[in-house]
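Visitor: I would like a quick tour of this model. Please show it first, and then take my questions one at a time.

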There are 2 protein chains.
Amino acid sequence: MIERKNLLFVISAPSGTGKTTVSGKILKEIDGLIPSVSHTTRPRREGEIDGKDYYFISGEEFKRKIDANEFVEWNEYNGNYYGSSFENIEKAEKLGKDLLFIIEVNGAGNIRKRHNNGIYIFILPPSINILRERLVHRGAESGEAIERRIKIAGKEIQHYTEYDYVIINNEIDETAKQVFSIISAARCRKNNLIMNSEESAK
Amino acid sequence: MIERKNLLFVISAPSGTGKTTVSGKILKEIDGLIPSVSHTTRPRREGEIDGKDYYFISGEEFKRKIDANEFVEWNEYNGNYYGSSFENIEKAEKLGKDLLFIIEVNGAGNIRKRHNNGIYIFILPPSINILRERLVHRGAESGEAIERRIKIAGKEIQHYTEYDYVIINNEIDETAKQVFSIISAARCRKNNLIMNSEESAK
């Protein structure tokens with residue numbers, strides 16, 4: 001009889017690297033994996049669902065949660081607050097599910113401080129130039145905003161050394177497959193198993 | 001620009017657990033992975049090809065190779081000698097390929113002593129009873145020989161703690177997929193990459 005620890009996967013990637021698409025594919029294909037839903041003070045965009053994409057809360061409520069120590073990590077980005085509640089982790093554990101965080105490098109760093117068993121994955125754009133092209137192609141932001149993101153991306157990329165796995169996102173399906181493999185492998189990593197060798201020898 | 005270290009994968013499993021079938025599938029599906037071909041003094045079975053399944057050599061030649069320190073590991077099993085030459089590893093490195101060892105627990109232990117970067121995978125039968133059924137079903141050996149294998153298997157299973165990954169072979173395709181994932185994940189593990197962050201930021 002083999003049991004398995006609940007695992008915590010953390011994916012970081014600069015904006016425009018495809019982490020949202022990749023995680024969407026992963027969550028659809030992999031059983032027993034649920035996304036961590038962040039709280040944010042950022043205004044809800046069209047199509048986003050409260051409680052699914054984010055918990056959209058006011059700045060006031062966010063501050064109350066910080067004071068009550070309800071966040072495993074929180075951060076300010078582009079003038080908005082983002083945070084992951086401890087409740088997310090507890091919920092996944094109760095359900096016996098693995099938890100997937102899609103989070104920027106500082107948030108990942110804060111989770112790392114509190115969890116020894118997290119598996120950290122960094123998705124890199126093939127190059128900064130290709131990243132810029134993708135952001136321009138997406139057409140969601142001004143040139144100035146894109147250059148700001150590029151500058152942040154350049155800084156974020158330096159953090160790849162803090163991660164367990166590094167994937168270059170040349171092709172989105174290939175990247176999704178690699179993340180799939182990492183999760184699949186982690187699930188049969190001995191350190192993540194709770195085994196009783198007497199049992200298995202019967 | 002990301003380069004990758006050549007990797008060395010080691011799979012062990014008791015007889016009848018399906019390691020030969022699994023490794024056949026893996027070698028067929030995964031690019032850049034070649035099998036380590038062992039030397040043996042065991043008589044060639046029908047269908048086996050010299051230089052592909054094994055290098056079939058005499059006991060005398062085997063002893064000469066031991067004395068010349070040509071084996072990274074060697075062992076005696078059921079009255080026959082088996083060994084893996086250093087030449088196998090050097091050949092894979094020259095070719096820029098990853099190397100796959102299918103080897104019993106003692107051989108794996110000896111390789112582990114000489115390689116820090118090996119990835120060790122143990123495939124378990126669902127249970128000893130199911131293993132016995134499979135060996136009987138295979139029909140290659142007497143009941144006595146099967147019981148001897150079962151006894152050896154029981155001892156081998158205790159070594160799973162020395163491995164990085166543990167897979168229960170409930171279903172051969174599922175097991176092959178898991179090995180595939182482990183290899184795939186290892187290939188993007190940061191510790192196995194040689195990265196130049198300056199380059200990747202360009």
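Guide: This is a predicted model. Start with two helices of chain A: α1(A) passes α7(A) in a right-handed crossing.

Visitor: Is α1(A) parallel, perpendicular or oblique to α7(A)?
Guide: Helix α1 of chain A covers residues 19-29. It packs against α7(A) at an angle of about 50 degrees, with the axes 9 Å apart. Angles under 35 degrees count as roughly parallel, and 65 to 115 as roughly perpendicular. The angle therefore makes α1(A) oblique to α7(A).

Visitor: Which class, nonpolar, polar or charged, has 6 residues in the contact of α1(A) with α7(A)?
Guide: From α1(A) come T21(A), V22(A), K25(A), I26(A) and E29(A). From α7(A) come I172(A), T175(A), A176(A), V179(A) and F180(A). Of these residues, 2 are polar and 2 are charged. The class with 6 is nonpolar.

Visitor: Which element gives the most to the side of chain A that touches chain B?
Guide: The contact between the chains takes 27 residues from chain A and 27 residues from chain B. On chain A, α6 (143-157), β10 (165-168), α7 (172-186) and α8 (197-200) each supply at least two residues. The top contributor gives 5 residues, and that is α7(A).

Visitor: How many nonpolar residues does the side of chain A that touches chain B have?
Guide: Chain A brings 27 residues to this contact. By class, 8 are polar and 4 are charged. The nonpolar count is 15.

Visitor: Which are the edge strands of the open sheet of 4 strands?
Guide: The strand order in chain A is β5-β4-β7-β6, with mixed pairing. The twist averages 25 degrees from one strand to the next. An edge strand here pairs on one side only. The edge strands are β5 (54-56) and β6 (71-77) of chain A.

Visitor: Which residue stands opposite T40(A) in β5(A)?
Guide: Strand β4 of chain A spans residues 38-40. It runs parallel to β5(A), and 3 bridges join the two. Opposite T40(A) stands F56(A).

Visitor: What angle does the direction of helix α3 make with that of β7(A)?
Guide: Take helix α2 (residues 59-67) of chain A beforehand: α2 lies across β4, β6 and β7 (80-85) of chain A, at about 45 degrees to β7(A). Helix α3 (residues 86-95) of chain A also packs on the sheet, touching β6 and β7 of chain A. The direction of α3 makes an angle with that of β7(A) of about 30 degrees.

Definitions and conventions
Residues are numbered from 1 along each chain as its sequence is written. Chains are lettered from A and ligands numbered from 1 in the order in which they are written. This is a predicted model: local features need pLDDT of at least 70, side-chain atom pairs count only at pLDDT 80 or more; totals for chains, interfaces and linings use all residues. Two strands pair if DSSP finds at least two bridges between them. Axes are lines fitted to C-alpha atoms, for helices over the stretch in contact, and angles run from 0 to 180 degrees between N-to-C directions. Two residues are in contact if their C-beta atoms, placed from the backbone, lie within 7 Å. Ala, Val, Leu, Ile, Met, Phe, Trp, Tyr, Cys and Pro count as nonpolar, Asp, Glu, Lys and Arg as charged, and the others, Gly among them, as polar. Angles under 35 degrees count as roughly parallel, over 145 as roughly antiparallel, 65 to 115 as roughly perpendicular and the rest as oblique. A crossing is left-handed if the near helix is turned anticlockwise from the far one by less than a right angle, and right-handed if clockwise.
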